[in-house]
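The following exercises concern strand pairing, helix packing and internal cavities. Please work through each task before reading its solution.

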Amino acid sequence: MAMASSSLHPLQQQSFCPKFPRLSRNCPISPSRLRFSSLRFPSTIRASSAVAFQSDLNSQQSQTLEADPFACPVCYEPLIRKGPPGFNLSAIYRSGFMCKSCNKTYSSKDNYLDLTVTAGMKEYTEARPVRTELFRSPIVSFLYERGWRQNFRQSGFPGPDEEFKMAQEYFKPAQGGLLVDVSCGSGLFSRKFAKSGTYSKVIALDFSENMLRQCYDFIKQDDTIPNKNLALVRADVSRIPFPSGSVDAIHAGAALHCWPSPSNAIADISRVLRSGGVFVGTTFLRHSEGTPWVVRLIRESVMRTYSYYVKEEIEELCTSCGLINFQCQVKQSFIMFSAEKP
């Protein structure tokens, strides 16, 4: 996800070079170097047709090319953007994106940018675990902040306000950078991070289309949330659409137990974090040191079907994916943990 670290913001005025190039709005760019000859934009893209896009590049008239934090989820190369300027919900929604390496195109839908590998596909579908599909339901998305999340207190979760304060303490090294709230759900914490003004950009990322729609509705109902430096993105947490080493902070609230493969997800989180970047997550523990042994036996036999872990397993998972300085706070079945990229 990317980024507002000192090496990534403000946007540098440079042409194609190095590993992760940036596009300058002012310098002339050869269409051949951008490899747009095979461009195929889906009809849903609002920016322009493929013909108009090609014409704009050739004439250098009425075009807006921006360096954005997004990358292709297929090859992880930076995306080229055509559309109105600015990093905000409206501008990104009205823009089209294309990978400069594999030429795959991406567009916005229902006010979020779809950066999944299957974006634009009509015939191909994939079966997902029940716990993943559950949160794609419009009913669960609607109820998440209207009773569902409140029940977490019974397991030791201190509540969103306190969890936000705790996370902000861990994120102090990442202040001023880009924060990505993966598995953001209805944007409960994404909105808090955006309102805090602590970060240069906040990206709310989730695989559920309906969660992102609900997040957008909540944002539009709250006039205190800044419209700039905020984006909604649909993506797979195991294929995070940002260049390697480009994200300052990643948050995953009550999410790890829902991921089809936590090891793949944390490995990709480690990939996109810059050196010194911080990962903070919360989840339900299978049991903690204070859990009665009878309850432990029940949970060990019943909860193995789900991705509930003990503290030691989560720490080992983070360290095996290259993260260091693991810290955590535990209360009943609640754990908030933090780890850093070396």
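**Exercise 1. Which residue in β4 does Phe97 stand opposite?**

Solution. The model under study is a predicted one.
- Step 1. Locate the two strands: β3 covers residues 96-99 and β4 covers residues 105-109.
- Step 2. Establish their relation: β3 and β4 run antiparallel and are joined by three bridges.
- Step 3. Read off the partner: Tyr106 in β4 is the residue opposite Phe97.

**Exercise 2. Determine the strand order of the sheet and explain why β1 and β11 each have one side without a neighbour.**

Solution.
- Step 1. Write the order of the twelve strands, which is β1-β2-β3-β4-β5-β8-β7-β6-β9-β10-β12-β11. The sheet is open and its pairing is mixed.
- Step 2. Inspect the ends: β1 (67-71) and β11 (324-331) stand at the edges. Each has a single partner strand, so one side of each is left without a neighbour in the sheet.
- Step 3. Add the twist, which averages 25° from one strand to the next.

**Exercise 3. Identify the strands that α7 touches, and describe how α9 lies relative to β10.**

Solution.
- Step 1. Helix α7 packs on the sheet and touches β6 (178-182), β7, β8 (230-234) and β9 (247-252).
- Step 2. The direction of α7 makes about 175° with that of β7.
- Step 3. Helix α9 (residues 262-272) lies across β9 and β10 (273-284). Its angle to β10 is about 150°.

**Exercise 4. Characterise the largest cavity by volume, lining and residue class.**

Solution.
- Step 1. Searching the whole structure yields two cavities of 30 Å³ or more. The largest has a volume of about 420 Å³.
- Step 2. Its lining comprises 28 residues, and those closest to the centre are Phe135, Ser183, Asp206, Cys258 and Trp259.
- Step 3. Assign elements: α4 (130-134), α7 (188-196) and β7 (201-206) each contribute at least two lining residues.
- Step 4. Sort by class: 15 lining residues are nonpolar, six are polar and seven are charged.

**Exercise 5. Which element gives the most to the lining of the second largest cavity?**

Solution.
- Step 1. The second largest cavity holds about 30 Å³ of space.
- Step 2. The residues that line this cavity are Leu89, Ile92, Tyr93, Ser108, Asn111, Tyr112, Leu113 and Leu232.
- Step 3. Two or more lining residues come from each of α3 (89-93) and β5 (112-114).
- Step 4. The element that gives the most is α3, with three residues.
- Step 5. By class, this lining has six nonpolar and two polar residues, with no charged residues.

Conventions
Residues are numbered from 1 along each chain as its sequence is written. This is a predicted model: local features need pLDDT of at least 70, side-chain atom pairs count only at pLDDT 80 or more; totals for chains, interfaces and linings use all residues. Side-chain values use heavy atoms; hydrogens and water are left out. On a 1 Å grid over the protein atoms alone, a cavity is a set of points where a 1.4 Å probe fits but cannot get out, and a pocket is an open set with protein on both sides within 12 Å along at least five of seven lines; lining residues have an atom within 4 Å of a point. Grid points are joined across faces, edges and corners, and a volume is the space filled by probe spheres set on the points. Helices (H or I, at least four residues) and strands (E, at least two) are DSSP runs, numbered from the N terminus. Ala, Val, Leu, Ile, Met, Phe, Trp, Tyr, Cys and Pro count as nonpolar, Asp, Glu, Lys and Arg as charged, and the others, Gly among them, as polar. Two strands pair if DSSP finds at least two bridges between them. Axes are lines fitted to C-alpha atoms, for helices over the stretch in contact, and angles run from 0 to 180 degrees between N-to-C directions. Contact means heavy atoms within 4.5 Å.
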